[in-house]
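Please consider the chain shown below, beginning with its overall form and ending with a single residue and its surroundings.

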Amino acid sequence: MKKVFIIFVSYFIAIAANAQQARLKITGIVLDEQNKPLDFVTVTLINTDKSTFTDALGLFNFTLLNTADTKNINIKVAMVGKLSIDTVIPIAQALKRIIFQLKNLNLNLKEVQVSALRNNKGQSNSSVLFNRQAIEQAQAFILTDFLNNLPGKLSSPLDLQAPKNLTLRSTVTGNAALNNSLGTAIIIDGLAQSNNANMQNKNLGSFGLGGSLISDSKNRVDYDVTFGGLDLREIPADNIESIEVISGVAPAQYSDLTDGAVIIKRQAGKTDFQFNTRINSGSTNFSLTKGYQLNKKVGFLNFNFNYLMSNNDPRDNMKKYSRLTGGLMHTKYFFGNIKNTFSIDFSEKFDDAKQDPDDGRDLMTYSKNRKITLANRTSVEIDKGFLKRISLNIGADFGAHESYAQWYLNGNPKPMANKDTTGVYEGFYIPGTYTAKDHIVGKPKNFNGNLSFSSQFNTSGITHFLSYGTNLSISSNKGQGVLFDPEYPRFSNQGFKNERPYNFQLIPNLVNAGFYAEDRFNLKLLRRDLNFTAGVRYDLQNGFGNLQPRLNTNYNITNNVKFNMAFGIATKAPTLAYRYPGATYFDIPLINYYTGDSRNSLLLVYTHKYTPDNSKLKPSQSNQFETGFSYDGKFLNASVYGYIKKNKNGFNTQTNYLALSVPEYNYTIVAPNAKPSYYPTGNYVEKTGLSFSEVTNNTSSKNRGIELFVSTKKIKPIQTSLSFNSSLARSIFHNVGTTIKAARDEDINAGKKAWYGVYKSTGEDMTSLMSKLNTDTHIPKLGLVVSLYFDLVWLKNDITLENMQYPIAYLDKYANYYPIDSFDPNNTDYGHLSMSADLNKQAKLPFMYGNLSMRISKELKKKIRFSVNAYNIFNLKAQYFDDITKQSYNYINPINIGAELSIKF
């Protein structure tokens, strides 16, 4: 390690020594439509990691190293509420003062970008960008409304009654999809938004991954996203400036992800008041945003307010989702080269299924989330020597989660135990008629900080733009935890298991740390640019160190055509819910003598406490390779990419079995109407079927696909631009290892040797082919945009890979392992373990189908915009009745209409 440190330091000393050489001075001015100077405009030299902002006179300047290859510069000028300029300027012209004029964003501009574009200048080869124009046209209630435009995603009607997760480059479902969404990072203003501290689930050992969330049994939805990514319903869209989606290989600076990232930048600067109101079926949304330019010494202040309310059925108002968010952002520039932004954000969610007075079960479910986020971002531009920029981002969020469900039960009295230690003791009986309750209270906290540096140096005529830094995240949850009341259990004595209260305050913090270095440079190959972004990061997650090389490279075959290639390894740490799932309790009745009167009844229980140790739980990992071509012309932009992404060590629960010998007790009636006395017999009894779920790294998937992206500039005679994307994807998902299933009780009681069968784990093979064609007709003089969205699903297959007809091994009552080389159904030891032979069951889309949606936006006097959108405008139906399963399938939802009014003042 010492040698590595010496080499590392020597490297930086060497490149710093080469930093002193001839420099070029680039200057310019930025004006508005009235030719007045604009201050605090962000000016960026693309692919150099150099950025600055204009002064009170609208002036800016850069200093560049002078190399033989410096012939052109790619410069971007951006300001909130203005149409950005992204242009390439010859170096001879750049040495003179460059003049830029920024126009206000409105529908009267000659060119309006409505659809998402493949961003060849993004942070990844396969980045997709939604700019402010596209965001304003989307009429978005939540972030998902944008992301449905990505390749492989279908347009869908607004549905706010269930959590929304995002998956990228995968067709997997179930627990595999949870791992994908958990590994998709959401990064807002340079800070990752974490779900690591979410613990809104019941005991994993008792209920497994699929049954541990508190659910609304009437509406058949889960309310929490404990094991997946963030709920995208909680991220409003109105104050977002841009969204960049990285579905491929992310830069080395981003940590704790496996399946891509969504990079969100919010508005920071002077803007008009903007009021938006939207309505769609039973959903209503109001928002207000404003950016103030205070006096020169104070800076800018942005605020946002957003309220969303959605009824599942406005006729009865029994199921409702509501969300309230607000925030303040203050931006200040110091000394001409320091920018500091402090923000405070508040959000509250309430997902509620009310008690129906006409339903005798007294069903009621709700989920409440409240969060306050504090963040500070500081960047210092240094235009001298080796070091060019220092950035420090620090953020912390403090949440309050509460999940609750109740259900009226009417049955027989139940035996119950409540001790939290292993041993023999007397239990008690509870009435069979009561209102059962599930209740979890969490207080998640997340701290996230990163320190980064940018440098520029030259070696042998090659200019390097080096970035390097470190990050630290701490997650904790100090809530009351699982508030289990043994008097009102929702489930009792299932598999001899019962819950216990679980105090989250006793759980240690989760700490992840890492550092990275990344170099961007280009070489000349056959007189063409070969561009590299090569980096490596090292993360320490749950005690495991992971080295993650990442590379994005492209070669200019011609002035318009690029060949792209990328490779990267990325990891995601286990969350608190996976790391500390709580103990599992087995309550085995030794004597169950119930007379009808609990005072003279006897319940003697042996409790076995199993505490899992997940300290060896590895981070999940993805290895991704992608390659393809992109074309950037004056009229047409196109790209085609192929990718292979292998995910391993995914988080899941696996069923295991205990072999327990419990003491045998007997009892004696001492007197009428008196509790009997009891005594041990000295014997022990073997108990069967004691199963529990354990968190493991037992899932993997292989994802392969091809993505095609084509877009045109406006076709002037018809004032229309086109965009088309298509995605062919195949995902093969496996539960790694084996699955253990208990034999039937009658076989065990018959004295057969095999108590448990060991089977190969199952998997799925899913293939989909779908396309999206968008047309945007824009008439500037009318301030009118008409957009059509056509989705076409060509193919969708789901093959269940069943390998569980015959066991490959068995366990006896002592959990001894016996392999089976060739299964013999007549074997008296294990022949009873064979299962049904439903091999390779296939669910295949019976036909291809399409769906057409539309959006119309009209702007009045550049200040008022009215929009109407319609999903499935022809109310097409794609229905299929399966004669074998006797089930009916509907692939398209009915017509859905929404509207938006936006006013700037």
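The paragraphs that follow move from the whole chain to one loop residue.

The model is predicted. Its secondary structure amounts to eight helices and 52 strands. Along the principal axes, the C-alpha atoms occupy a box of roughly 105 × 70 × 55 Å. The radius of gyration is 31 Å, which agrees with the value near 29 Å that a compact globule of 905 residues would have.

Contacts and burial add to this picture. Of the contacts between residues at least 6 apart in sequence, 69% connect residues at least 24 apart. Buried residues account for 53% of the 905 residues. The accessible surface of the chain is about 40,300 Å², and carbon and sulfur atoms contribute 56% of that area. As for charge, the chain carries 100 positive and 74 negative charges, and the mean positions of these two sets lie 10 Å apart.

At the scale of a single residue, Asn119 serves as an example. Asn119 is found in the loop that links strand 8 (117–118) to strand 9 (127–130). Is this loop residue, Asn119, buried or exposed? Its relative accessible area is 17%, and because buried means under 20%, Asn119 is classed as buried. Leaving aside residues up to four places away in sequence, Asn119 touches Ser124, Ser127, Val128 and Leu129. A far longer separation is given by Tyr429, 310 residues from Asn119 along the chain: the C-alpha atoms of the two residues are 65 Å apart.

Conventions. Residues numbered from 1 in each chain as written. Predicted model: local features only at pLDDT ≥ 70, side-chain atom pairs only at ≥ 80, totals over all residues. Heavy atoms only, no water. Helix = DSSP H or I, 4+ residues; strand = E, 2+ residues; numbered from the N terminus. Rg over C-alpha atoms; globule rule 2.2 N^0.38 Å. Buried < 20%, exposed > 50% of the residue type's maximum accessible area, 1.4 Å probe, protein only. Contact = heavy atoms within 4.5 Å. Areas by Shrake-Rupley, 256 points an atom, 1.4 Å probe, with all protein chains shown as cover. Lys, Arg positive; Asp, Glu negative; His and termini not counted. Charge placed at Lys NZ, Arg CZ, Asp CG, Glu CD.
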